[in-house]
Amino acid sequence: MGPLPRTVELFYDVLSPYSWLGFEILCRYQNIWNINLQLRPSLITGIMKDSGSLSAMRFLTAVNLEHPEMLEKASRELWMRVWSRVSVGLWESSGRTLDDFLTFPRHVFRVMILPPPGGSTVLPVTPLSPHRLPAVFSSSQNEDITEPQSILAAAEKAGMSAEQAQGLLEKIATPKVKNQLKETTEAACRYGAFGLPITVAHVDGQTHMLFGSDRMELLAHLLGEKWMGPIPPAVNARL
């Protein structure tokens with residue numbers, strides 16, 4: 001019998017593009033590394049002011065409470081909607097690259113591909129999902145995740161029935177959901193979060209908090225696992 005999986009928690013908010021990068025990478029590695037990945041929807045406004053993701057993160061909290069098996073797909077669909085509202089022309093017109101706007105290691109941004117003029121390029125992601133990840137900023141959907149209909153559309157795209165999605169949406173104003181989201185956000189703060197995402201690894205009785213999405217190689221070292229880039233061969237072979 002091998003060693004028990006190490007627990008790795010990912011605290012995230014769909015308003016954070018860096019959270020999205022960490023989310024996709026950890027979802028790809030969860031069946032490669034010996035880890036128990038726990039997705040922890042949090043509210044960035046509880047850490048940083050002026051966020052507009054309250055309804056979306058309450059919805060994901062309700063999903064986590066009622067249907068945790070749907071949390072990964074529902075989170076991904078909401079990211080697709082919130083970041084589709086940023087026009088790709090923002091940097092195309094300036095002649096600058098995405099790396100100029102978001103300072104981030106290039107080897108991580110190879111996970112996502114910008115759409116060429118007049119078209120939309122997508123890159124397959126984790127084999128755990130039949131959906132494909134669009135460019136990190138795309139103008140194809142232009143949906144506002146503060147609107148209930150956008151949240152419902154994301155839930156249905158993730159595989160929920162309309163009745164199931166509506167039922168979860170109705171629960172976002174309940175004390176149970178509100179308190180759970182508050183508790184999760186406070187847990188992130190107790191770990192020392194000053195933004196999102198944070199990844200918390202529990203290894204040999206010790207807790208390690210890593211901020212940002214560019215610490216995956218360090219996370220692998222802490223876990224005693226091998227880092228094989230943002231698209232590991234075991235995943236790449238199935239794409």
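**Figure 1. Arg-6 and its salt bridge to Asp-204 in the predicted model.** Arg-6 is partly exposed, at 23% relative accessibility. Its partner, Asp-204, is exposed, with a relative accessible area of 66%. The closest N and O atoms of Asp-204 and Arg-6 are 3.7 Å apart. Arg-6 belongs to strand β1 (residues 6-12), whereas Asp-204 sits in the loop between β5 (198-203) and β6 (206-211), so the salt bridge ties together parts that are 198 residues apart in sequence. By the rule used here, the count of salt bridges comes to seven.

**Figure 2. Backbone at Asp-204, in the loop between β5 and β6.** Asp-204 is not a glycine, yet it has a positive phi of about 50°. Most residues other than glycine have a negative phi. The side chain of Asp-204 forms the salt bridge with Arg-6.

**Figure 3. The cis peptide bond between Leu-196 and Pro-197.** Omega is about 10° at this bond. Pro-197 is found in the loop between α9 (175-190) and β5. Most peptide bonds are trans.

**Figure 4. The open sheet of four strands.** The strand order is β2-β1-β5-β6, and the pairing is mixed. β2 (35-41) and β6 stand at the edges with a single partner strand each, so one side of each has no neighbour in the sheet. On average, neighbouring strands are turned by 20° against each other, direction ignored.

**Figure 5. Pairing of β1 with β2, and the helix across them.** β1 and β2 pair in the parallel sense. Seven bridges connect the two strands. Phe-11 has Arg-40 as its bridge partner in β2. Helix α2 (residues 54-66) lies across both strands. α2 runs at about 140° to β2.

**Figure 6. Packing of helix α1 against helix α3.** Helix α1 (residues 17-29) and helix α3 (residues 71-83) pack at an angle of about 145°. Their axes are 11 Å apart. The crossing of α1 past α3 is left-handed. On the α1 side, the contact is made by Pro-17, Ser-19, Trp-20, Phe-23, Glu-24 and Cys-27. On the α3 side, Glu-72, Ser-75, Arg-76, Trp-79, Met-80 and Trp-83 take part. Seven residues of this contact are nonpolar, two are polar and three are charged.

**Figure 7. Salt bridges between α1 and α3: Glu-24 and Arg-76.** The closest N and O atoms of Arg-76 and Glu-24 are 2.7 Å apart. Arg-76 lies in helix α3 and Glu-24 in helix α1, so this pair ties together parts that are 52 residues apart in sequence. Both Arg-76 and Glu-24 are buried. A network of salt bridges links Glu-24, Glu-72 and Arg-76. Each residue of this network is also named in the contact of α1 with α3.

**Figure 8. A salt bridge within helix α3: Glu-77 and Arg-81.** The closest N and O atoms of Glu-77 and Arg-81 are 3.0 Å apart. The two residues are four apart in helix α3, which means a separation of about one helical turn. Glu-77 is buried, and Arg-81 is buried too.

Terms used:
Residues are numbered from 1 along each chain as its sequence is written. This is a predicted model: local features need pLDDT of at least 70, side-chain atom pairs count only at pLDDT 80 or more; totals for chains, interfaces and linings use all residues. Side-chain values use heavy atoms; hydrogens and water are left out. Axes are lines fitted to C-alpha atoms, for helices over the stretch in contact, and angles run from 0 to 180 degrees between N-to-C directions. A crossing is left-handed if the near helix is turned anticlockwise from the far one by less than a right angle, and right-handed if clockwise. Contact means heavy atoms within 4.5 Å. Ala, Val, Leu, Ile, Met, Phe, Trp, Tyr, Cys and Pro count as nonpolar, Asp, Glu, Lys and Arg as charged, and the others, Gly among them, as polar. A salt bridge is a side-chain nitrogen of Lys or Arg within 4 Å of a carboxyl oxygen of Asp or Glu. Buried means under 20% relative accessible area, exposed over 50%, partly exposed in between (1.4 Å probe, protein chains only). Two strands pair if DSSP finds at least two bridges between them.
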